[in-house]
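Here is a brief report on selected helices and strands. Please keep the sequence and the model in view while reading.

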Amino acid sequence: MRPGELALDAAAAVAAGAEAVHIHPRDAAGAETLDAVAVGATVKAVKERCPGTPVGVTTGLWITDGSPTVRLERLRAWADLPEASRPSFASVNLGEGMFHETVAVLEGAGVATEAGVWSRADVELLQGVPVEKVLIEVLRTPAAEAMSVADLILERLEQLGVAGPRLLHGEDEACWPLIRYAGRLGLPTRIGLEDTLADETGAPARSNAGLVKRAIAVWEGERHRPRT
């Protein structure tokens, strides 16, 4: 998607109830990129369409072919972006290497960090590191095991006194069970076509905005359900 197309999609998601957006900027060839010019153009377009909405971007290591040092080089250039083109926050997965260095570079660029925690072991790296929020991501996990995995991560975060709000989400078959669980726990969640291609009934999802609307209904339904 081009910047304008991503901005329109983000605006539809915000209109459906999303309180923040997470995007993957693309270069002219359509590949994901961390290039400052491309990231800045996309973020600016989204901010103009979604004024006041936090705009986050990925820093996935796959974008730099697995090189954390190349990623750092790309992120350093973000410091030159004007505020209107600068991401509000960036997702950094703890298991991808050089986490502390990446957080420091983002901080120097004026970009907050959303720490992607995939496992209980990842939590150890968060001690003493200031982050905007902790994104608990339950990946490649059967639905029946998703809540137990989430509980282990949440428990370790509390044991180590890691500060910052928690956001809980999953992907594929664990996506909707964890949206329900997030509602039950009163935790924010995230959803989009990156996470699932089906709605809570198993029917094909048609858009990010549609998923947001359905996720809010599911989350709120679980949040307000009487406990026995």
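Both faces of strand E6 are covered. Arg 166, Leu 168 and Gly 170 are buried on one side, and Leu 167 and His 169 are buried on the other. In a regular strand, side chains alternate between the two faces of the sheet. The count for E6 is five buried residues of five. This is a predicted model.

E6 has a partner strand. E5 and E6 pair in the parallel sense, over five bridges. In one of these pairings, Val 138 has Gly 170 of E6 as its bridge partner. E5, H5 and E6 together make a β-α-β unit, and this unit is right-handed.

Next comes helix H6, residues 175-185. Its buried residues are Cys 175, Trp 176, Leu 178, Ile 179, Tyr 181, Ala 182 and Gly 183. What covers these buried residues includes the elements below.

| Element | Residues |
|---|---|
| Strand E5 | 133-138 |
| Helix H5 | 143-159 |
| Strand E6 | 166-170 |
| Helix H7 | 208-223 |

The members of the β-α-β unit, E5, H5 and E6, are thus among the elements that cover H6. Just after H6, Gly 186 takes a positive phi of about 75°.

Now to another helix. Val 70 is found in H3, residues 68-76. Is Val 70 buried, exposed or partly exposed? Val 70 counts as partly exposed because its relative accessibility is 24%, and partly exposed lies between the cut-offs of 20% and 50%. Val 70 and Ala 146 are 76 residues apart in sequence. In space, C-alpha to C-alpha, Val 70 and Ala 146 are 33 Å apart.

Terms used:
Residues numbered from 1 in each chain as written. Predicted model: local features only at pLDDT ≥ 70, side-chain atom pairs only at ≥ 80, totals over all residues. Heavy atoms only, no water. Buried < 20%, exposed > 50% of the residue type's maximum accessible area, 1.4 Å probe, protein only. Helix = DSSP H or I, 4+ residues; strand = E, 2+ residues; numbered from the N terminus. Contact = heavy atoms within 4.5 Å. Pairing = 2+ DSSP bridges. Right-handed = clockwise from strand over helix to strand, strands pointing away.
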